[in-house]
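I opened this entry to keep track of what I looked up, helix by helix. The notes follow the order of the lookups.

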Amino acid sequence: MSAIEMPGRLPIWQRLLFAIPLFGWMAKDAAHAKGEDWGYTAAAIFSMWGCSALLFGLPGLYIPAVMMVPVMFLILILISRG
C-alpha cells in the first residue's frame, strides 16, 4: 500500500513530470495532496525560492517572481471571463 493513491493510468505529461527525480516527487505530492498537505507544499516552494536566492544571489530572488507574471496574467484573464 502506497502513501499516495494514484489513478490507474496517468496522461503522458504527468508521467514525464513525475519522473523528474526531485521536482517530480514534490509535484506528485502537490497534485494528489490532501487538505492538510497544502501548507507543506507552499513551505517547500518558498524554501526552494529562498535556496535559489542564497545560491544565485539577487537574480535567484527576482527571476522566479518575474517568471510568475504570465501565470498571474492568465489567472486574471480566467477570473475576468467568469
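Entry 1. I started with Val71 and found its place in helix α5, which spans residues 69–81. The model is a predicted one, and I read every value below with that in mind. I then checked cover: Val71 has a relative accessible area of 36%. Partly exposed lies between the 20% and 50% limits, so Val71 is partly exposed.

Entry 2. I asked which residues make the nonpolar surface patch of about 740 Å². I listed Met68, Val69, Val71, Met72, Phe73, Ile75, Leu76 and Ile79. Val71 from the previous entry is thus one of the patch residues.

Entry 3. Next I looked at how α5 sits against helix α4, residues 58–67. The two axes come within 4 Å and cross at roughly 30 degrees. Angles under 35 degrees count as roughly parallel, so I noted α4 as roughly parallel to α5. On the α4 side the contact is made by Ala65, Val66 and Met67. On the α5 side I noted Val69, Pro70 and Val71.

Entry 4. I moved to the pair α3 and α4, whose axes come within 5 Å and cross at roughly 140 degrees. Roughly antiparallel would need an angle over 145 degrees, so α3 is entered as oblique to α4. From α3, I recorded Trp49, Ser52, Ala53 and Phe56 at the meeting of the two helices. These meet Leu58, Pro59, Gly60, Leu61, Pro64 and Ala65 in α4.

Entry 5. Is Ser52 buried or exposed? I placed Ser52 in helix α3, residues 38–56. Its relative accessible area is 16%, and buried means under 20%, so I wrote Ser52 down as buried. Setting aside neighbours within four places in sequence, I found Ser52 in contact with Gly57, Gly60 and Pro64.

Entry 6. I finished with Tyr62, which is in helix α4. Tyr62 has 43% relative accessibility and counts as partly exposed. I also looked up the separation of Tyr62 and Trp49, which are 13 residues apart along the chain. Their C-alpha atoms are separated by 9.5 Å.

Methods: Residues are numbered from 1 along each chain as its sequence is written. This is a predicted model: local features need pLDDT of at least 70, side-chain atom pairs count only at pLDDT 80 or more; totals for chains, interfaces and linings use all residues. Side-chain values use heavy atoms; hydrogens and water are left out. Patches are made of residues with over 30% relative accessible area and no salt bridge: like charges are joined within 9 Å, nonpolar side chains (Val, Leu, Ile, Met, Phe, Trp, Tyr) within 5 Å. Accessible areas come from the Shrake-Rupley method with a 1.4 Å probe; for residues, only the protein chains shown count as cover. A salt bridge is a side-chain nitrogen of Lys or Arg within 4 Å of a carboxyl oxygen of Asp or Glu. Buried means under 20% relative accessible area, exposed over 50%, partly exposed in between (1.4 Å probe, protein chains only). Contact means heavy atoms within 4.5 Å. Axes are lines fitted to C-alpha atoms, for helices over the stretch in contact, and angles run from 0 to 180 degrees between N-to-C directions. Angles under 35 degrees count as roughly parallel, over 145 as roughly antiparallel, 65 to 115 as roughly perpendicular and the rest as oblique.
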